[in-house]
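The exercises below are meant to be worked with the sequence and the coordinates open side by side. Each task is followed by a solution that proceeds step by step.

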Amino acid sequence: MKLHKELATRALQIAVKSSKPGAGFLAATLLTGLTGKLYFTLSNNSKAIANHEVCSGLHFICINCRAIDLKLDAAQESSPFAGVQRKVSLRIPHCIGEKLLKDIAQFNSYEDANRAVRELLKTHQFAPHVTWHRLALRASKTLQKEGLVSAQLYGSQTDTSYSADDMAVIKEKHQAIISRWIDAPELTVLHEEPIENHSEYWGTQGLLKHAELKQVLNYSQSTINNAQLDYAKAPSFHTRIALHNAHALRTSLIWHLATASRPLIDKAVRASDIDWNYQCASLPNKSRLDTRVIPLCSTAISALSEYERWCESLTGTMAKLVTDSLNAKVPLFGLFNFKGLSVTYTPLVPKVSASIYFQGVKAPSNWSRKTTIDYLWPYFHDSPAFDAFIDHNKAQASVSEMKEIADVIDSWLIKLME
């Protein structure tokens, strides 16, 4: 049974006016949509995921990032990856902050705090099914519908590892929403918190900056253009290899962004995984031996078709080199490298391409998957089809149910390549 928004609103009004134990916890969770357990659950830095802080007389709910610290150095502006903070602070009214401070000092466990909140709700004739946890979930749904969409706040543990939020946007939206909710004069936030520039992020590491992603896509195309000029000036086996590698590098990049596929080597995409008739692809699932079939966006289909035509146009020794990839004996995308008198083939996974695009910069092996999922999450965060597309939570969906996701990816890629 789902709770109505009115129940959460009434509970907030009661918590604001009550001086009983548990009122601070109840009010704070309803204003943030964070469940009570997060105040007693440790994050990766051994701090409670949600806690209370006072700064210059102002009260804040501090939320520590649940994503694992990858120890990436993205602090410099020159880094291609977005710099992220490990916590964000959301402003709450003074009187609620004071009550929360008392509750945190009084209760040492979630069970004790939950009993106090349950007693408070019971005193005001809330039905037994109206629990603290369910009220918090109802509040989070309401906040999301009003625009506060954040994987770090409301996503699963898995979601937090693939997303980062613009801290200024999160604070600004939260401040605007709770200002509309709170109409009691004693609760009004008289002095709005200054909102910093939209440049600091909070969440997971390893997300490529938007401008950098555009640059990488442009670079991959210019690499093809330059290789074509080099081959035209001095046709040789070496310049032909360089031209092939440039085609493979760009198509592989578009493939990984369009599919959010994992950086697998043994199970990297092969020609037989692509269904040209239905414009979809079969990808391996992580925790199961089976596969999932996802739709391919038009941009990916065009890039794959162009790459296939390129490979099929090759003759002589080059044609022999690409035969195994076209016949699905080896991964579809790879780099040919000279090793003495022989030529080796290295499957193109994001870790390999990162060494080319971000020379000297440490990058997570799944940087392309992270970047795509982060972009898609605000659009499809509550969609089982999205979980199926990226193979999360063992979700399943048909190709037609996932078609909208492919369309959004297509629009995204087209804008990036403009």
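**Exercise 1. Describe how α2 packs against α3, and then against α1.**

Solution. The helices α2 and α3 are oblique to each other, because angles under 35 degrees count as roughly parallel, over 145 as roughly antiparallel, 65 to 115 as roughly perpendicular and the rest as oblique. The angle behind this is about 120 degrees between α2 and helix α3 (residues 94-106), whose axes lie 7 Å apart; axes are lines fitted to C-alpha atoms, for helices over the stretch in contact, and angles run from 0 to 180 degrees between N-to-C directions. The crossing of α2 and α3 is left-handed, a term used if the near helix is turned anticlockwise from the far one by less than a right angle, with right-handed for clockwise.

For the second pair, the axes of helix α1 (residues 5-17) and helix α2 (residues 23-32) come within 9 Å and cross at roughly 140 degrees. That angle makes α1 oblique to α2, and the crossing of α1 and α2 is left-handed.

The model is predicted, so local features need pLDDT of at least 70 and side-chain atom pairs count only at pLDDT 80 or more, while totals for chains, interfaces and linings use all residues. Residues are numbered from 1 along each chain as its sequence is written, and side-chain values use heavy atoms, with hydrogens and water left out.

**Exercise 2. Give the overall dimensions and composition of the protein chain.**

Solution. Along its principal axes, the C-alpha trace of the protein chain spans about 85 × 40 × 35 Å. The protein chain holds 16 helices and 11 strands, where helices (H or I, at least four residues) and strands (E, at least two) are DSSP runs numbered from the N terminus. Of its 418 residues, 51% are buried, which stands for under 20% relative accessible area, with exposed over 50% and partly exposed in between (1.4 Å probe, protein chains only).

**Exercise 3. Work out the strand order and the edges of the sheet that contains β1, and of the one that contains β7.**

Solution. Two strands pair if DSSP finds at least two bridges between them. By this rule, β1-β2-β4 is the order of an open, antiparallel sheet of three strands. Its edge strands are β1 (50-55) and β4 (87-92), each of which pairs on one side only, and neighbouring strands of this sheet are turned by 35 degrees against each other on average, direction ignored. Six bridges link β1 to strand β2 (residues 58-64), and C55 stands opposite L58 in β2.

The other open sheet of three strands, also antiparallel, has the order β7-β8-β9. Because β7 (274-275) and β9 (291-295) each have a single partner strand, one side of each is left without a neighbour in the sheet. Strand β8 (residues 280-284) is joined to β9 by five bridges, and L283 has R292 in β9 as its bridge partner.

**Exercise 4. Which residue in the turn between β10 and β11 has a positive phi?**

Solution. Strand β10 (residues 334-339) and strand β11 (residues 342-347) run antiparallel and are joined by six bridges, with N337 partnered by T344 in β11. The two strands form a hairpin with two residues between them, and G340 in the turn has a positive phi of about 65 degrees.
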